[in-house]
Amino acid sequence: FTKALIKGKLIKRYKRFFTDVKLGKEIVTAHCPNTGSMKGLLDEDNEVYLLPNNDPKRKLKYGLEIIKSRKNLVGVNTHMANRIVEHGLQNNLINELKKNDNIKPEVFFNKETRFDFLLEKKGQKSFVEVKNVTLFRNKDTAEFPDAPTARGIKHLLTLIDAIKKSYKTYLIFLVQIQNMKYFKIAKDIDEEYYNAYLKAKKAGVNFLAYRCDISSKKIFIDKKLKIIDD
C-alpha cells in the first residue's frame, strides 16, 4: 500500500459502491472497490482497513481495502488482484509460471473477451485469467464464486477456445484470505460454473489457487493451496 491504512469498524455497505465506517467517534463513507456479494464479510462491527486518498477529483476520501472476518484478514479490493498477480509473475512467486520472457496485461483474445495476462516463454504463449477469492464458510477452505457468475462461465469457455488456437491457458484463484489451506468451487452457489469448471479442466485449462500474505502494509502471493474437487 502506498499509504498506511486506517483501522475502523464496519457499519454497513450499500448501493454496492459505498460503505459507512466508524473511525473513532467519526462516521465516514468509503468507496467499496468490490461489486460482488462479499458473502460472509459484511457483519456490522467487523474490523476494516481503509486507504486514505487526497485526490481532489474523488468525492470519497477513503477506499475499503481489508475486512477482518472470523479472525482472518480478507483483501476485498478486486482491482488489487491483478496487481498482486503481476507482482507474483515478475518476482517468480507462482511456481508454474516462472521466468517469463514477456508479461503483457489486459490482452484481447477476441472481440468480446480480454484476459488478464498474456505470457510468452520460449515461443509458447499462455493466457492467464485471475479471479479474486474472498469467500470462506469454514475455517480453512476458500471458495469461489460467492454469487452466480455468467461472466465467469464465459471466461472458462473462452479459455477452452484459446487452447484450440495453441495457447496454454491458466486460471488463478487468488485467495485474499489469511490462513486458508484449501480451495474449492462453491457448487451450491453456482452449479453451472462448477460444471463449466469441470469441462474446462477436462479440456486442459490449468487451475491454480494461491493464497496471499495480508497485512495493513502489503499484500503479496505467499502459498499454493490444494484445490479440492468434490
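Tyr194 is buried, with a relative accessible area of 7%. The cut-off for that label is under 20%. The residue is found in helix H3. The model is predicted. In it, the protein has three helices and 16 strands. The radius of gyration is 18 Å, close to the 17 Å that the globule rule gives for 230 residues, so the protein is as compact as a globular protein of that length.

**Tyr194 and its surroundings**

- Beyond four places in sequence, Tyr194 touches Ile185, Lys187 and Asp230.
- Tyr194 and Cys212 are separated by 18 residues in sequence. Their C-alpha atoms lie 23 Å apart.
- Tyr194 belongs to helix H3, and H3 (191-203) is one of the elements that the buried residues of H2 pack against.

**Helix H2**

- H2 covers residues 150-164, 15 residues in total.
- From first C-alpha to last, H2 reaches 22 Å. The expected value at 1.5 Å a residue is 21 Å, and the two are close.
- The buried residues of H2 are Gly152, Ile153, His155, Leu156, Thr158, Leu159, Ile160 and Ala162.
- Four strands and a helix receive this buried set: strands E8 (114-121), E9 (124-133), E12 (168-175) and E14 (206-214), plus helix H3 (191-203).
- Ser166 follows H2 and has a positive phi, near 75°.

**Thr113, a loop residue in contact with H2 residues**

- Thr113 sits in the loop between strand E7 (102-108) and E8.
- Its relative accessibility is 3%, so Thr113 counts as buried, given the cut-off of under 20%.
- Leaving out neighbours within four places in sequence, Thr113 is in contact with Phe108, Lys154, His155 and Thr158.
- Two of these partners, His155 and Thr158, are among the buried residues of H2.

**Whole-protein figures**

- The C-alpha trace spans about 60 × 35 × 30 Å along its principal axes.
- Of the 230 residues, 48% count as buried.
- Take the contacts between residues at least 6 apart in sequence: 62% of them join residues at least 24 apart.
- The exposed area is about 12100 Å². Carbon and sulfur atoms supply 48% of that area.
- The protein carries 46 positive and 28 negative charges. The mean positions of the two sets are 3 Å apart.

Terms used
Residues numbered from 1 in each chain as written. Predicted model: local features only at pLDDT ≥ 70, side-chain atom pairs only at ≥ 80, totals over all residues. Heavy atoms only, no water. Expected span 1.5 Å × (residues − 1). Buried < 20%, exposed > 50% of the residue type's maximum accessible area, 1.4 Å probe, protein only. Contact = heavy atoms within 4.5 Å. Rg over C-alpha atoms; globule rule 2.2 N^0.38 Å. Areas by Shrake-Rupley, 256 points an atom, 1.4 Å probe, with all protein chains shown as cover. Lys, Arg positive; Asp, Glu negative; His and termini not counted. Charge placed at Lys NZ, Arg CZ, Asp CG, Glu CD.
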